[in-house]
Each structure stands twice: as structure tokens, then as C-alpha cells.
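Colleague: Got a minute to go through the charged side chains with me? I'd like to see who pairs with whom.

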Amino acid sequence: MFIRPEITTNKITMQKFCLLLLGTLLLCLSACGDKKGKEPTPPTLKDFVLSTTAVQVQEGASKTLNITQGNGQYAVQSGDVAIATAEIAAEVITIKGVKPGSCVITATDVKAKKDIAIQVQVTALPEISADVTSVALASGETKSFTLSGGSGEWEVSVSPDGVVTVTIQGNIVQVKAIGSGKAVITIKDKKSGKTLSIPVEAAAPIADVAVDKDAVSLDKGKTATVNITAGSGTYEVMSDHPEVATATLKGTVITLTAQSPGTAVVTVSDTQTNKKATIQVTVKEAATPDIALDKTSVSINQGQNANVKVVAGSGDYSAAVDNPSCATASVAEGVVTIKAIAKGSAVVTVTDNKTKKTATIQVTVSDAGTSIPIVIGEELTSRRE
């Protein structure tokens, strides 16, 4: 059999190609087998651990717990967001109380696919209270009161405006009257939303203290009254020189008493407003009354005495007679004693030595034995001396 040479050559070439292709395929399968056998082993996952699985928190407050061990990718979910919410940042879980109650918050290790239940108890904040139930203010006055309970974080409002201003520092509330009328202060706990209302009343402005006399002149030993006509109703009085004039107060009536000559200033203070009024007090020596006698004439017999009383004057007197041959006169302790010497008439002049004013007594002297009418009861009789 005759074979053409070119056909034989093609068959040999095809056989070589097939063998090469088969070898390449076997090498690939071998390489794949080697790679599959050397695939890396998955890493070992850590246990998922929290610092605690039970949390108690007040409403409006927050608490944190830590992921102490895990695999780096976490999630949290609240079973009841109306009671508590949860957030996670890095490995810190923050739980916030919303309202009193209990719920479960689930923490998840995403890589380990492991959940941990956190039992959450939300407690109520203490009720807000204050050490006052209302506030009363004078015009412009400032008062404070203290809050207790609550979270300690406050909002304050006043209605209506224009009566008082309110500031809070810590738990101390300061209220200042800027007008007059009634208002309500509302304190709100920022965390719980609970409120406390305090009624407040600011009085109308008080008139400045005033008196009906701002100057008084008195004789030593005399008194005068001054009325307080405006003010709050509570006052104090004080004299800067009580040795000159003293001041006492009863209600709205001031009584001034002159002690000695000089000047003094009496100050009237309104104890609510601290406003003041003054009274200038001048004290003079008491005026001496004109000298006066209980008799201006006497008739006596020779050898007799008659007494005449000085009923007004300074107390320091002297007596003189214009006719000492008829009668003599002397003064002691406000009594003028006239002694009849001889028949006739005389004039006794009594002088107030302090004022130099005088009074006179007409004296008639009769002979001894002359009857002088005297009155006994209602009968006119005569007596022989």
C-alpha cells in the first residue's frame, strides 16, 4: 500500500498537538488540586461578653455598659423604645430611660451571630417640690426658694409677663418683683417633663414715707404729736439728740417730748421700703407766765398780818412797800406776808425776779379795835379786833 508522505506528516503533527493539550489540562487540574488543598483555615471567633446584663436607670437619665469581649461588629435593639432606647459607639452601649417600666435590649455580635439580652428597669424621677407653696413680694423686693426632687435640670417660665423675673442657679430659684399683680411660675424638669407651679403676688409700689409736720418748736417739758401720712404701715422713729427731744411711736402717731433747750432731728424710717422722713425739733426754755396773785387788796387792823399767794410766775419773787410806816411785806415760798404797822394805806409791789414783771396789793390798815366785816357761812358779821 502506498501512503502519501504529506498525509503522514499531518497525522504526526495532530497527535503531538493532542498530547500537548492533554498535558496542559493535566497540569491545570493538578495546580487546581494543589490550591484547593492549601485554602486557609477560617479564624476562631471570640466569645461575646458584656460588662453587665442588667441595668437600672431613672427616666430621662442615661447609663452605659461596655462590650468587654467580642468580634468588632455589633448592633443593639430595644424591645420597647417607649421605655428605653439604646445606642452603640465602638464598644460602649448607652441606654436612656424614657419612662418608668421594664424592657429588654438585645446586643448582637454580628460576626459571631450571637445575641445577649440586657434587662432594663427604668425608675421614675422623684416628684419636684419646693420649700414654699407661694411667694409674696413687696414692690421691687427679691426672694428665693429651693427646689428638691426631680433631675436637677430645669426650665422656667412665668405667666403673665411683667410681674416678676425668675432665675435658677442649681436648685435655688430667685424671684424679683418688677411690677405688681399676680403671676404663676412654672418649673419644668427637662428630663421627666414633670412640672411644678408656684403662684406669686407682687404688691403695688409703696408711697414714700411722709409726715404732716417736718418742723416742731416746743417749750421744755412740753409734748407735740406728728402724724405719718404715707408709707408701708411699719415704721421706726429715732432722735439724734434724745437729751434734747425724745420720740415715741404708736401706730402712725409720733409723740415728741421736749427735754432741754436745743435742736434735734427725729428720723422716721419705713421698715419695708427703707425710705425716710425727718422732723426738725427745736426746744426752748419754757415761757414764764406773768406774775399773778390770789388777792389784789387787803384790809387789816394795826398789828395784824395778812397773807397773799403768788399763783403764777417763775417762783423767784421779792416784795417792796411804798409806805413802810404803814405796813411791811416779805415773800417766802410763794406767799407774801403783809404786817400792819400803823393806820393808813400802802401799796405792796411783788416782783418776779426772773421776768421782772410785777403785781401790786392795795393795803388798808385800820386802828386796833375797829370792827372789820367778815363772812361766816352766809351771814355778814362784824368782829372787833
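**Charged pairs and a loner**

Modeller: Sure, and keep in mind this is a predicted model. Let's start with Lys194, which makes a salt bridge to Glu59, with 3.6 Å between the closest N and O atoms. That pair links distant parts of the chain: Lys194 is in the loop between E15 and strand E16 (195–202), and Glu59 is in the loop between strand E2 (54–58) and strand E3 (62–69), 135 residues apart.

Colleague: Is Glu59 buried or exposed?

Modeller: Its partner Lys194 has 22% relative accessibility, so Lys194 counts as partly exposed. For Glu59 the relative accessible area is 6%, and since the cut-off for buried is under 20%, Glu59 is buried.

Colleague: Which parts of the chain does the salt bridge between Asp208 and Lys275 tie together, and how many residues apart are they?

Modeller: The closest N and O atoms of Asp208 and Lys275 are 2.7 Å apart, which is within the 4 Å needed for a salt bridge. Asp208 sits in the loop between E16 and strand E17 (210–211), while Lys275 sits in the loop between strand E23 (262–270) and strand E24 (276–284), so the pair ties together parts whose separation in sequence is 67 residues.

Colleague: And Lys343 with Asp367: is Lys343 buried or exposed?

Modeller: Those two side chains meet in a salt bridge at 3.9 Å, N to O. Lys343 lies in the loop between strand E30 (335–340) and strand E31 (344–352), and Asp367 in the loop between strand E32 (358–366) and strand E33 (371–376), so parts 24 residues apart in sequence get tied together. Asp367 has 35% relative accessibility and counts as partly exposed. Lys343 has 59%, and since exposed means over 50%, Lys343 counts as exposed.

Colleague: Which residues do salt bridges with shared partners join into one network?

Modeller: A search of the whole structure finds 6 salt bridges. We've already met the one between Lys194 and Glu59. Salt bridges that share partners make one network of Lys194, Glu59 and Glu127.

Colleague: What about Asp189: how far away is the nearest side chain of opposite charge?

Modeller: Asp189 lies in strand E15 (residues 181–189), and it's buried yet has no salt bridge. Its side chain does reach the backbone nitrogen of Lys191 at 2.8 Å. Leaving aside neighbours within four places in sequence, its contacts include Trp154, Glu153 and Lys194. As for opposite charge, the nearest side chain is Lys191, and the distance is 7.2 Å.

Definitions and conventions: Residues are numbered from 1 along each chain as its sequence is written. This is a predicted model: local features need pLDDT of at least 70, side-chain atom pairs count only at pLDDT 80 or more; totals for chains, interfaces and linings use all residues. Side-chain values use heavy atoms; hydrogens and water are left out. Helices (H or I, at least four residues) and strands (E, at least two) are DSSP runs, numbered from the N terminus. Buried means under 20% relative accessible area, exposed over 50%, partly exposed in between (1.4 Å probe, protein chains only). Lys and Arg count as positive and Asp and Glu as negative; His and the chain ends are not counted. A polar contact is a pair of N or O atoms within 3.5 Å; within protein, one must be able to donate a hydrogen and the other to accept it, and residues adjacent in sequence count only if both atoms are side-chain atoms. Contact means heavy atoms within 4.5 Å.
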